[in-house]
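Here are some notes to read alongside the model. I've kept them to a few spots worth clicking through.

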Amino acid sequence: MEKPLRILVVDDSKVMRGVLRKMLGCDGTEVLEAHDGKHALEVLAAEPVDCVISDWNMPRMKGIDLLRQVRQDAALAHLPFVMVTAEAMAQNVAEADAARVSAYLTKPFTAESLWTTLRGILPGDLPA
């Protein structure tokens with residue numbers, strides 16, 4: 001039996017974490033949550049995950065800073081990382097690309113577009 005997909009959702013909004021949990025919560029996908037980048041690093045140190053979906057703007061540590069730290073950690077450097085933001089500014093997209101983001105999603109988005117993005121960066125068969 002294949003192990004369930006484990007995704008870490010990082011967002012300072014409890015509501016947005018809930019929305020993402022609902023969008024991802026199919027076919028046994030396990031969703032872990034963190035309320036900011038610093039909390040996400042604690043979760044990543046304790047729990048193996050298959051992917052990180054992170055908001056850009058958060059207190060204590062922004063998503064872009066989390067992405068940079070993940071990419072600098074040899075154990076996590078190749079972890080698929082999706083940046084989510086309400087701002088589709090070219091400067092932010094360029095900054096995320098320079099930090100080696102796997103994919104970029106602009107709010108609002110649908111469950112379908114989220115899964116399309118995940119299928120593009122994760123190996124194996126994912127829910128349709």
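Contact here means heavy atoms within 4.5 Å. Keep in mind that this is a predicted model.

1. With that cut-off in hand, start at α5. The buried residues of this helix pack against β1 (6–10), α1, β3 (51–55), β4 (81–85) and β5 (103–106). The helix itself covers residues 111–121, and the buried ones are Leu114, Trp115, Thr117 and Leu118. Looking down the axis of α5, you'll find its buried residues within an arc of 155°, so they line one face of the helix. Flip to the face turned away from that buried side and you get Glu112 and Gly120, which are exposed.

2. Next, how do α1 and α5 sit against each other? Two packed helices are described by the angle between their axes and the distance between the axes. For α1 and α5, the packing angle is about 70° and the axes are 10 Å apart. Angles of 65 to 115 degrees count as roughly perpendicular, and α1 and α5 are therefore roughly perpendicular to each other. On the α1 side the contact is made by Leu20, Met23 and Leu24, and on the α5 side by Ala111, Leu114, Trp115 and Leu118. Sorted by class, that contact of α1 with α5 has 7 nonpolar residues, with no polar and no charged ones.

3. Have a look at Thr29 too, in the loop between α1 (14–24) and β2 (30–34). Is Thr29 buried or exposed? Buried means under 20% relative accessible area, and Thr29 has 13% relative accessibility, so it counts as buried. Its side chain reaches the backbone oxygen of Leu24 at 3.5 Å. Setting aside neighbours within four places in sequence, Thr29 is in contact with Leu5, Ile7, Leu24 and Trp115. Two of those names should ring a bell: Leu24 and Trp115 also take part in the contact between α1 and α5.

4. On to α2, residues 37–46, where Gly37, Ala40, Val43 and Leu44 are buried. Down the axis of α2, the buried residues fall within an arc of 110°, so they line one face of this helix as well. What do they pack against? The partners are β1, β2, β3 and α3 (63–72). The face of α2 turned away from the buried side carries Glu42, Ala45 and Ala46, which are exposed.

5. One last detail, at the start of α2: a side-chain oxygen of Asp36 comes to within 3.1 Å of the backbone nitrogen of Lys38.

Technical notes:
Residues numbered from 1 in each chain as written. Predicted model: local features only at pLDDT ≥ 70, side-chain atom pairs only at ≥ 80, totals over all residues. Heavy atoms only, no water. Helix = DSSP H or I, 4+ residues; strand = E, 2+ residues; numbered from the N terminus. Buried < 20%, exposed > 50% of the residue type's maximum accessible area, 1.4 Å probe, protein only. Polar contact = N/O pair within 3.5 Å; in protein donor to acceptor, adjacent residues only side chain to side chain. Arc of directions from axis to C-beta. Axes fitted to C-alpha atoms, helices over the stretch in contact; angles between N-to-C directions. Parallel < 35°, antiparallel > 145°, perpendicular 65-115°, else oblique. Nonpolar A, V, L, I, M, F, W, Y, C, P; charged D, E, K, R; others polar.
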